[in-house]
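Reader: Take a close look at the contacts between chains for me, starting from the backbone. Keep it brisk, and give values where you have them.

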Number of protein chains: 4
Amino acid sequence: MSIKCAIVGASGYTGLELIKILIGHSEFELAYVANSEGGIKLSEIHRSMQNIFEVDIEKADAKEIAKRCELAFLALPHKSAMSFAKELLELGVKVVDLSADYRLELETYEKNYCTHEDSKNLKNAAYGLPEYYRDDIKNSSLVANPGCYPTAILLAILPFMDYLDLEQPIFIDAKTGVSGAGKKCVENTHFVTINENIFAYSPLTHRHTPEIVEKIEKIKNLKPEINFIPHLLPITRGMLVSIYAKLSKDIEPLEVLKEHYKGEEFIRIEERAVDVKSTSGTNFCNIFALKNKNALFINSSIDNLLRGASSQAVVNANIMYGFKESLGIPKISYSP
Amino acid sequence: MSIKCAIVGASGYTGLELIKILIGHSEFELAYVANSEGGIKLSEIHRSMQNIFEVDIEKADAKEIAKRCELAFLALPHKSAMSFAKELLELGVKVVDLSADYRLELETYEKNYCTHEDSKNLKNAAYGLPEYYRDDIKNSSLVANPGCYPTAILLAILPFMDYLDLEQPIFIDAKTGVSGAGKKCVENTHFVTINENIFAYSPLTHRHTPEIVEKIEKIKNLKPEINFIPHLLPITRGMLVSIYAKLSKDIEPLEVLKEHYKGEEFIRIEERAVDVKSTSGTNFCNIFALKNKNALFINSSIDNLLRGASSQAVVNANIMYGFKESLGIPKISYSP
Amino acid sequence: MSIKCAIVGASGYTGLELIKILIGHSEFELAYVANSEGGIKLSEIHRSMQNIFEVDIEKADAKEIAKRCELAFLALPHKSAMSFAKELLELGVKVVDLSADYRLELETYEKNYCTHEDSKNLKNAAYGLPEYYRDDIKNSSLVANPGCYPTAILLAILPFMDYLDLEQPIFIDAKTGVSGAGKKCVENTHFVTINENIFAYSPLTHRHTPEIVEKIEKIKNLKPEINFIPHLLPITRGMLVSIYAKLSKDIEPLEVLKEHYKGEEFIRIEERAVDVKSTSGTNFCNIFALKNKNALFINSSIDNLLRGASSQAVVNANIMYGFKESLGIPKISYSP
Amino acid sequence: MSIKCAIVGASGYTGLELIKILIGHSEFELAYVANSEGGIKLSEIHRSMQNIFEVDIEKADAKEIAKRCELAFLALPHKSAMSFAKELLELGVKVVDLSADYRLELETYEKNYCTHEDSKNLKNAAYGLPEYYRDDIKNSSLVANPGCYPTAILLAILPFMDYLDLEQPIFIDAKTGVSGAGKKCVENTHFVTINENIFAYSPLTHRHTPEIVEKIEKIKNLKPEINFIPHLLPITRGMLVSIYAKLSKDIEPLEVLKEHYKGEEFIRIEERAVDVKSTSGTNFCNIFALKNKNALFINSSIDNLLRGASSQAVVNANIMYGFKESLGIPKISYSP
């Protein structure tokens, strides 16, 4: 018998990706699709869904979800997510939250976002980076799905944390496709702004920095100086991360990676610099690393909407329910 | 027990798409992967296949195929395809050929391509446009998969052939993504040539015109004046067709389409002009039509590599073996 | 002594292109730059202007313009343009209007746009298509700069009007870059919507159709059945037009073009299908034509922001003041 | 009386850009245009030049150049350039060489390229980075135009060299448009390879590294540990550089830049992260810098074909002949 689940926030890109995965999943059944307003057909918002999955989008209602589902994916902006999650959890619905609301310690969250309205559940939330938090995820009713940047960055840097000179600044030069900026029509997402262009935004001040730092500290008990510079790219999807750090030990970077991620199905260690196209459409994180004397270059790529959001969310749900992690998870890329 | 099949021509884009479909197909088993030279790993040519499907590409050999497979997909250039198909058919292997070699009548072929070396099999080849040739395909050992342009054009124009003024020229303005030009590195596929650009090529003289004309004549017994103007677009995949013709009867174009394609799973009639992104990654053909007095505008889109080649080839194989037509065929698009 | 001129509507793309041309023009001096709100530096809106042309954008004021300038370019939305033009003309300022407000006959305008508030000046406005209206432009105080689509279409179709079978529908398949949709952030200009995509919009109902029809009628005294299908392309600038019609006479299309445009400096007759990149950054209109029996394919390209708006506007100003038409007008394209 | 000059290597992108600048230059007259084969019209290779500059491309011949010109721009591959330059210099023709042949010390050159065949002239070549080598350029008959990466990188990093902790590795993450890879049709320049993609190439081993290191050493007498990671971007032109280093002194990065480049006409100090579109079509180098404690982020952008090649070459020629540096040099960008 399949698990009935809900998507709240079906209008956005990550909502669409969740739908695309869940309608083909053998154990989850998409029983409720909502956004904040309701009253429209899904295929009117996402025309590619025509004839594939024709449902009416409902106005999100926690009680209704509790009646019909036992699991909910929240693809909502931060702040909206937590009030919704709180109610769902009280009603006994498990939650995978794709927003920032349950990713950080209370103090870090309130410093970078806003007052937290659900600190009780925050304490029990598991951080949904499967390679590092499997057990927590398995035993939790609330999974905080990582941000796209933290996913690509943590997976790349964590294997090397024991070998870095932490007295020196670490630099993370990351580049994302425009879908990472969301569906909102603003100057940076206007075709004319970003086509034939590239630029950094929020350099050294982006809100994903504390998430990266906090998780490294939690997992490795180390406090690195992270300097994070995200860029916007003229592509729809995909994220490339290049990390620059100083080594404190003489290692073979590729060997470190291969050893560290042995047996991990969704990590691919590459023998040359990664590209983003090979991961587009999949849950893979491709990683490569190379050194020059004591200078280390770590390089990773993911699909920002999938491994950076929706497919990782379903992997987390698979873990919560004891299914095979890869069940229903896309592996075949959009290449060429 | 699954059907063992071969792909010959695995290096190109359509070869890759065939692989992507067949490795997920429940009834076909990809047992042989070859190109003209062999001696290389598949993931060295298609890096997105790393860890997904790791095989050695073999040097194509008909006898070896016959030993291990009962069905072969040929993703070869015209001329190479027919010599290979001939040998395979003699050895009892069924063939789905993606080249032009078995699409046309002998005379038309030789006028537009080269001397035909397998006229015997040519006579028995079925034209692999499922909506119009299901029975032929079912009973044939050799299916000639249609070209990408003819697929998108025939599916759009055939429902209207009885309502057009055939004394007047019909114009077909088609636009294709660069993957349609193949993997060869030439001036037109150089990024700098086509990025921020668009242009027609081979206007009024493109080699797909006789295929379109001949099939209309065969199916409808009508001889239209087709004027075909293909364009190259700065996108990787996708094809948009706009057909312009004069009506001889007063019809409701959308009603004609809906009636004509009732029950067809891979045709979507749209209520507004089609886009290409909604069909990218799928076997769908989206169609729309609109009139202004006696002027008719018919509009269709497909993924040139899938419905225009590889997924249609697997649909044909499904029909040949009596499987459900949609078995293993992609329907979820790459949007957003 | 140079002619002092004003730009009203400096925030948009055509405003920027006007600035780029006028600051390098030897006879016009840009003495006033305004938008509807003022109070911002030009380089804050158009960062490429930094250190090049540093001025404060003023809040548009007709009286102030009249004090300081004798010519104004209006790059405003329709409706705003006519109230402004009216006041400027009363104050003795000459006007080149880039909006639709003075392009059409009163009746056509009111049917397609809104009530006209300046019908007096409308009667005296010259239509700013230099190749066909040189004398009118020379003697007018008010030039209505043509739309981008009508420019590319009229220049292509007019040479052939005497040779077409006007009983048959004429089809115009046009494609524009996203800058043609303006700077407004809406769904169609979102990068994710149009990247890797293409689609028709307003097929058979676009507002530029009456402008095309009315001008053909005025210039040639003929009434063709124009069916206009514009498409949006994933490029920033550039417009490609493909016109499909039936010939009534046996002509050599390229000869007709060469003869018709002999001596025209900004028309280039091509020997093969045109591309858009070759005209990007210039005032050129490239034209090609080819027939197949009685089927005619006419093909033109322009830079939608320059020949389709701003550089044509300055050519018109050059004519109004008796300067060489090409004075200060860009001819060197952005290729590669 | 104008200076007659030659372009050798007119087929490539930098050749075209040289032509575009020189045909509008008031003091240089383009009297000779050649490539290695000759026998073709310029507008057949560069169709945007049609009606603009119609000449026959000649087969490059040093003696013929010496007869007709006193200055030659060489846009040739390395190795071809030096044999040609040697002959031209003997014949009394001044040379601006856009290849790598005269940029490096003999030993560095031979280690990274090939045996040098003109070591005599190598010693006297001036390095054509105007902001740092004005006097050398002025007094030289042979200017070695810098590479595109070294140009963007040196202009960004040199102002900070005195404030960096040189014990720590410096990382340079650079991204270039595809025109930087040249006109050759290879896998990396195929549209399908790079569209919707991005990847690093030659990380830590790119041949421009020694040029950067050697020039820093010459100008500042400092030996930094440069780690250079170039990336290929899905845009036609433009280059973005992000440099990451550790500060040894407490400085205000923007103040350092403003002070350092006071009065430099082709350097623009930005108050926020640079983009590439604002420099496209111009000779500008835009620079921005920001620190986070002792971590420094320096950010620059140029047009790789102009400031990274052809417009910088003409600036150098202006200096050689005592003209104003900005004479005929493009400043108006291709934005939007």
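Author: Start in the loop between helix 10 (209–220) and strand 11 of chain A, where Asn221(A) is found. The model is predicted, so read every value with that in mind. Phi of Asn221(A) is near 55°. That is a positive value, and the residue is not glycine. Most residues other than glycine have a negative phi, and most peptide bonds are trans.

Two peptide bonds go against the second half of that rule. In chain B, the bond joining Ser335(B) and Pro336(B) is cis, with omega about 0°. Pro336(B) sits in the segment after helix 12 (310–320) of chain B. In chain C, the bond from Ser335(C) to Pro336(C) is also cis. Here omega is near -5°. Pro336(C) lies in the segment after helix 12 of chain C.

Now the chains against each other. Two copies of a chain are related by a rotation about an axis and a shift along it. Take chain A and chain D. A turn of 180° and a shift of 0.0 Å along the axis lay chain A on chain D, with an RMSD of 0.0 Å. That is the relation of a two-fold axis. The contact fits that picture. Of the interface residues of chain A, 100% are also interface residues in chain D, so the copies meet through the same surface. The count is 45 residues of chain A in contact with 45 residues of chain D. Between them, chain A and chain D bury about 3500 Å². Carbon and sulfur atoms give 63% of that area.

Charge and polarity also play a part here. Side chains of opposite charge can pair when their charged atoms come close. The rule finds four salt bridges across the interface of chain A and chain D. One of them joins the side chains of Lys175(A) and Asp173(D), at 3.0 Å from N to O. Polar contacts add 23 residue pairs across this interface, counting only pairs with both residues at pLDDT 80 or more.

Which elements of chain A give two or more residues to the side that touches chain D? They are strand 9 (170–176), strand 10 (199–200), strand 11 (226–232), strand 12 (239–246), strand 14 (285–292) and strand 15 (295–302). Strand 12 of chain A gives the largest share, five residues. By type, the side of chain A that touches chain D holds 25 nonpolar, nine polar and eleven charged residues.

Next, chain D and chain C. Again a turn of 180° with a shift of 0.0 Å along the axis does the job, laying chain D on chain C with an RMSD of 0.0 Å. Tyr334(D) comes closest to the rotation axis among the residues of chain D, with its C-alpha at 3.7 Å. Here, too, 100% of the interface residues of chain D are interface residues in chain C, so the copies meet through the same surface. Each chain puts in 33 residues. The buried area is about 2700 Å², and 49% of it is on carbon and sulfur atoms.

Four salt bridges cross the interface of chain D and chain C by the rule. Among them is the one between the side chains of Asp275(C) and Arg47(D), at 3.9 Å from N to O. Polar contact links 20 residue pairs across this interface, both residues at pLDDT 80 or more. On the side of chain D that touches chain C, helix 1 (13–22) and strand 13 (267–269) each supply at least two residues. Helix 1 of chain D has the largest share, four residues. The residues on this side of chain D split into 14 nonpolar, eight polar and eleven charged.

Step back to the whole structure. The search finds 112 salt bridges over all chains. One lies within chain C: the side chains of Arg237(C) and Asp303(C) meet at 2.9 Å, N to O. This pair links distant parts of the chain, 66 residues apart. Arg237(C) is in the loop between strand 11 (226–232) and strand 12, and Asp303(C) in the loop between strand 15 (295–302) and helix 12 (310–320).

Rings come last. A pair of aromatic rings is described by the distance of the centres and the angle of the planes. The whole structure has 50 aromatic pairs over all chains. In one of them, Tyr244(B) and Tyr244(C) are stacked, 6.1 Å centre to centre with 25° between the planes. This pair crosses between chains, from strand 12 (residues 239–246) of chain B to strand 12 (residues 239–246) of chain C.

How values were computed
Residues are numbered from 1 along each chain as its sequence is written. Chains are lettered from A and ligands numbered from 1 in the order in which they are written. This is a predicted model: local features need pLDDT of at least 70, side-chain atom pairs count only at pLDDT 80 or more; totals for chains, interfaces and linings use all residues. Side-chain values use heavy atoms; hydrogens and water are left out. Copies are superposed by least squares on the C-alpha atoms of residues with pLDDT of at least 70 in both. Contact means heavy atoms within 4.5 Å. Buried area is the accessible area (1.4 Å probe) that two parts lose on being put together, summed over both. A polar contact is a pair of N or O atoms within 3.5 Å; within protein, one must be able to donate a hydrogen and the other to accept it, and residues adjacent in sequence count only if both atoms are side-chain atoms. Ala, Val, Leu, Ile, Met, Phe, Trp, Tyr, Cys and Pro count as nonpolar, Asp, Glu, Lys and Arg as charged, and the others, Gly among them, as polar. Rings of Phe, Tyr and Trp (its six-membered ring) pair if their centres lie within 6.5 Å; planes under 30 degrees apart count as stacked, over 60 as edge-to-face and the rest as tilted.
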